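Subject: Handover of a structure

Hello,

Please find the structure below. My notes on it follow.

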Protein chains: 2
Amino acid sequence: MENISDIFNIDPNAQTKAYRKGALLQSAGDSKALTFYVKTGLLRSYIIDSKGKEHIFMFAPEGWIIADVESLEYGKPVELYIDCLEDSEVVILEKELLFNAEASKEMIIKNANLLYRRLGVLQRRVLMLMSAPAVDRYEYFLEAYPNLANRVPQRMIATYLGITPQALSTIRAKMAHS
Amino acid sequence: MENISDIFNIDPNAQTKAYRKGALLQSAGDSKALTFYVKTGLLRSYIIDSKGKEHIFMFAPEGWIIADVESLEYGKPVELYIDCLEDSEVVILEKELLFNAEASKEMIIKNANLLYRRLGVLQRRVLMLMSAPAVDRYEYFLEAYPNLANRVPQRMIATYLGITPQALSTIRAKMAHS
DNA sequence: CGTACTTCTTCATCTACATGAATGCGAATG
DNA sequence: CATTCGCATTCATGTAGATGAAGAAGTACG
């Protein structure tokens, strides 16, 4: 996750919509996946698995873009819920806007490079999930997103890391004792 | 993982290098991360964790591109090993070629969209690693990459799924019994 | 042909983390 | 102010998958 603010040909005067904390912007099963640019506030995307458990895919603070890319790109049913963790102002984007032919070449290259960086972030995420124990994933999260740790509840950090809130609690307890 | 062949402004006459099965093309600790386009054969990228265990990040059959994107984009030390699972012909790319200003706008848009699709694939991978049990991940792998399952030894599929070869063996035994 | 090597499998044991329940606490709400 | 509710914590128990060892079968190579 790196900041992709003021990019993606986003018209700073584009019409924004305001949502209250807790508002649900997209739901699994929706007919069409949307793309949101976050001007202010904080969004998250997550799935609910077959046992009813939440798993957070990503957080999107101001300047970020968040979407169900798999659904957008492969036409699969929408699977990611997207909601507000804080009061937020967002712009709803058409996916085609990101790389449309009207944009300047420089802008497209800029956007493409940002996507490429996202790949780097996801590479890290996959490798951590496969190879690192929960405590290491937590420490990496704290380093990589220090401000987020203060804005989101522990239980959400836990489901982002792929563990339960209880497990995170004991990890934190152990870390405090040393 | 979808096919990204004949894209990425790859000159079909570009000079290719031939490598034998088992050849190591990139190693953790290398000073500069490389990008490989696979013309024929099969490559993989993987890390070796602190306990000496391998974890495969991805396979790259003919037509694919493979690289340590995190190192390329964030200037981090090279962490991914890349080697040949079959005799292969590859083209070594400069990263800048992907989105350079000389390429046509259409080509850049094409490339950017391919990157976007890769994001969709990685989204799926992360969600599976977080929420799905090993047996589901294996079944998804078989569906998504049916031909790879025949070209790659079980133990590598296991480390791609994030489990041990023993665990995969018992999963397969159970699946055969039903 | 025999030896070595790799892959796959099975089993016994161990461990990281999940699950479920109980408690305390602070913030929101009437 | 009292009540509720969400969040974090702790504990007792359960389980998916790891670990380590050992054997069977296939393959490479002298």
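A residue counts as buried here if 20 or more other C-beta atoms lie within 10 Å of its own, with C-beta atoms placed from the backbone. By that cut-off, 33% of the 178 residues of chain A are buried. Please keep in mind that this is a predicted model.

Chain A first. The chain has 6 helices and 8 strands. Along the sequence, their order is β-β-β-β-β-β-α-β-β-α-α-α-α-α. I also looked at contacts in chain A between residues at least 6 apart in sequence. Of these, 69% join residues at least 24 apart.

Next, the contact between the two protein chains. Chain A puts in 32 residues, and chain B puts in 32 residues. On the side of chain A that touches chain B, three elements give two or more residues: β5 (54–61), α1 (69–74) and α2 (105–131). The biggest giver is α2(A), with 21 residues. By class, this side of chain A has 17 nonpolar, 7 polar and 8 charged residues.

Now the DNA, starting with strand D. Around DNA strand D there are 16 residues. The closest are Pro153(A), Gln154(A) and Arg155(A) from chain A, plus Ala134(B) and Ala167(B) from chain B. Which elements give two or more residues to the surface near DNA strand D? They are α5 (154–161) and α6 (165–176) of chain A, and α6 (165–176) of chain B. The largest share belongs to α6(A), at 6 residues. The class split for the surface near DNA strand D is 7 nonpolar, 6 polar and 3 charged.

Then strand C. DNA strand C has 16 residues around it. Those that come nearest are Ala134(A) and Ala167(A) on chain A, and Pro153(B), Gln154(B) and Ser169(B) on chain B. Two or more residues each come from α6 of chain A and from α5 (154–161) and α6 of chain B. Which element gives the most to the surface near DNA strand C? That is α6(B), with 6 residues. By class, the residues near DNA strand C divide into 7 nonpolar, 6 polar and 3 charged.

In short, for each contact: α2(A) gives the most to the side of chain A that touches chain B. For DNA strand D, the largest share comes from α6(A). For DNA strand C, α6(B) gives the most.

Best wishes

Methods:
Residues are numbered from 1 along each chain as its sequence is written. Chains are lettered from A and ligands numbered from 1 in the order in which they are written. This is a predicted model: local features need pLDDT of at least 70, side-chain atom pairs count only at pLDDT 80 or more; totals for chains, interfaces and linings use all residues. A residue is near a molecule or strand if its C-beta atom, placed from the backbone, lies within 6 Å of it. Helices (H or I, at least four residues) and strands (E, at least two) are DSSP runs, numbered from the N terminus. Ala, Val, Leu, Ile, Met, Phe, Trp, Tyr, Cys and Pro count as nonpolar, Asp, Glu, Lys and Arg as charged, and the others, Gly among them, as polar. Two residues are in contact if their C-beta atoms, placed from the backbone, lie within 7 Å. A residue is buried if 20 or more other C-beta atoms lie within 10 Å of its own, exposed if 12 or fewer, and partly exposed in between; C-beta atoms are placed from the backbone.
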